[in-house]
Structures are given as structure tokens and as C-alpha cells.
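Reader: I am new to this one. Could you walk me through the reasoning behind the terms used for it?

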Amino acid sequence: MDKKVVVVTGGSRGIGAASARLFAQKGFLVCINYSSNDFAAMQLQKALNAELECTYLCKADVSTGEGVERLFNFIDNQLGRIDVLVNNVGILKPQASLIDIDEDRINQILRTNVTSQLLCAKAAVSRMSTSYGGSGGAIVNVSSGAAKSGSPNEYIDYAASKGAIDSFTIGLAKEVANQGIRVNCVRPGMIHTAIHADGGEPERVTRLSRKIPLQRGGQPAEVANAIYWLASEEAAYTTGSFIDVTGGL
Ligand code: NAP
């Protein structure tokens, strides 16, 4: 197989879907991972395959070790290689202060937003690393502007999980730099996706858009552009770096 392979976790909707689309347009074979919404995943695959015949779907909950194993077994069996991992999965829960956030919610946020990215990166490194016979590759982690703002009275658990992703990016970039793998991170700001409905306020981006220096929310494709650049050869000397796609916030 000559084409490079990208795996996008949470690639069926929002920022992940925009990234899958861009990588497909750039000539990659794209493995789109998702967890439950078959309809959205199949719609995206249909749209991309109509033009390019280049996408594979893998339904697997990557917040569990079992799901990560299923995803990477699928990649081994169906695609036979991995060149780029876009570690994009992340969830939000309804706006609340810490005093009202329970243990189950905290654990679910940390498992989905942090454990998933570490486990997927571990599986990708074991396949990409020149120390293990691989050909190198790139990992792009999706964090959030929340890692810097802390999201008080909204999603302090989510913000803490994204702070962990920032630290993880810095550490892993140094750990695997001499194994042919670059690790970078994108921190989106307020982007028009359905995640805000999960956070309890579907119109949040529109409500807050005047507080954003560029006076509008971002589009998923604008985040995908940064993700793609960090994964591309144009960023060959960039590792352990962050791009904020926040409209200036
Ligand atoms: P989204 O529109 O809600 O899409 C979420 C995607 O993740 C869907 O494809 C969903 O699949 C998948 N997913 C959720 N849990 C999963 C799991 N356990 N295993 C596998 N797939 C799972 O999200 P988004 O807004 O594009 O956010 C993408 C990333 O950007 C997240 O890390 C988020 O924290 C970050 N971010 C977003 C914003 C923003 O304003 N949108 C801002 C900063 C950072 P199903 O359809 O099957 O559920």
C-alpha cells in the first residue's frame, strides 16, 4: 500500500470529521474512528468515498483499553500501516461548578479525554517507532483553550483533562523524538460543533462570539488546517509545539 494512513479518533463528526476530509483530499487513506453514531459515520464515509474511495470506519470506544486494541487491530488488518495519529476524541459534560461535579463524571472525562489519548499514542508509537522497526510518523493531540482558561463554573474537569494533554504532548515529544516521531498539539477555542450541546448550551459559541477578538466562533475546517500542517512534512522541524486556533482568545 503506497498511500499514507491517518487514523482520526472521534473522526465522524466536528473537528475530527473536518480533519478526516482534509487528509483524504491530501491523498491519505483515512481510518475514521467513532463510538456510537453509525449514521453520522456512514454519511461521512459515503461523502468522502464518492470523491476519493479512501476511508475506513472503525467503531470502537477508545476510552477503554479493549476499544483501543480493537481500533489498532483493525488498522493492522485492514490498512497495514499508520503514518499519522490525530488524537482527537474528547467530551464535555453540562456546565457546573466543581462542587456539583461527581466522581463518575470526573472519571468519565479523564478516561475519555486523557486515557484514550495516552493509550492510542502508545499503540501508534509501538508501530511507528524506528526503535521497533517502524518508519516514523506524526501524532497530533487535540487539547483546548480551556487548558489555559481553566473553565471555572463551566467544565473545570474538562479543562483539567486538557491541561493533562498539554503536559503529555511535551513529554511524549521528547520521549520519541529520536525514534522518528513528532508529537504536537492543537488547542481549539470556540468552534461550531455539536460538543456544545453535550455541554448543555448548543448556542454557546454564538452567545460568546463577541468576546472573541476575531468576533466569531471558528469552523472545524480551520482547526483541521492546523492539525494537517503539524502532521505534514512542512512541519518536519516542529515537535512538542502548540497551535492555538482560538480567534485570538
Ligand atoms: P464532537 O463534534 O462532539 O465530535 C465528537 C467525536 O468523538 C464524534 O465522532 C464521536 O463519535 C467521537 N467520540 C466521542 N467519544 C468517543 C469514544 N469514547 N471513542 C471513540 N469516539 C468517540 O466534538 P468536537 O467539538 O469536534 O471536538 C473534537 C475535539 O476538539 C475534542 O477533543 C474537544 O475537546 C476538542 N475541542 C473542541 C472545541 C469546540 O469548541 N468544539 C474547543 C476546544 C477543543 P460518535 O458520533 O459515535 O459519538
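Author: Happily! Bear in mind that this is a predicted model. Let us start with the second largest pocket, whose lining has seven nonpolar, five polar and four charged residues.

Reader: What makes residues of this lining count as charged?

Author: Asp, Glu, Lys and Arg count as charged. Among the 16 lining residues, those closest to the pocket's centre are K4, G137, R182, A231 and E233. K4, R182 and E233 therefore belong to the charged class, while G137 is polar and A231 nonpolar.

Reader: Which helix and which strand each supply at least two residues of that lining?

Author: Strand 5 (137-142) and helix 9 (220-231) do. The pocket they help to line has a volume of about 280 Å³.

Reader: Now the ligand: why is the pair with H196 called a polar contact?

Author: The cut-off is 3.5 Å between N or O atoms. A polar side-chain atom of H196 lies 2.9 Å from an oxygen atom of the ligand, so the pair qualifies. The backbone takes part as well: a polar atom of S35 is 3.1 Å from a ligand oxygen, and one of A60 is 3.5 Å from a ligand nitrogen. Of the 900 Å² of accessible area that the ligand has on its own, the protein covers 95%.

Reader: How many residues surround the ligand, and which are the closest?

Author: There are 33, with S12, R13, S36, Y158 and T193 the closest. By class, this shell has 13 nonpolar, 17 polar and three charged residues. Helix 1 (14-25), strand 2 (29-34), helix 6 (156-176) and helix 7 (195-198) each supply at least two of its residues.

Key: Residues are numbered from 1 along each chain as its sequence is written. This is a predicted model: local features need pLDDT of at least 70, side-chain atom pairs count only at pLDDT 80 or more; totals for chains, interfaces and linings use all residues. Side-chain values use heavy atoms; hydrogens and water are left out. A residue is near a molecule or strand if one of its heavy atoms lies within 4 Å of it. A polar contact is a pair of N or O atoms within 3.5 Å; within protein, one must be able to donate a hydrogen and the other to accept it, and residues adjacent in sequence count only if both atoms are side-chain atoms. Accessible areas come from the Shrake-Rupley method with a 1.4 Å probe; for residues, only the protein chains shown count as cover. Helices (H or I, at least four residues) and strands (E, at least two) are DSSP runs, numbered from the N terminus. On a 1 Å grid over the protein atoms alone, a cavity is a set of points where a 1.4 Å probe fits but cannot get out, and a pocket is an open set with protein on both sides within 12 Å along at least five of seven lines; lining residues have an atom within 4 Å of a point. Grid points are joined across faces, edges and corners, and a volume is the space filled by probe spheres set on the points.
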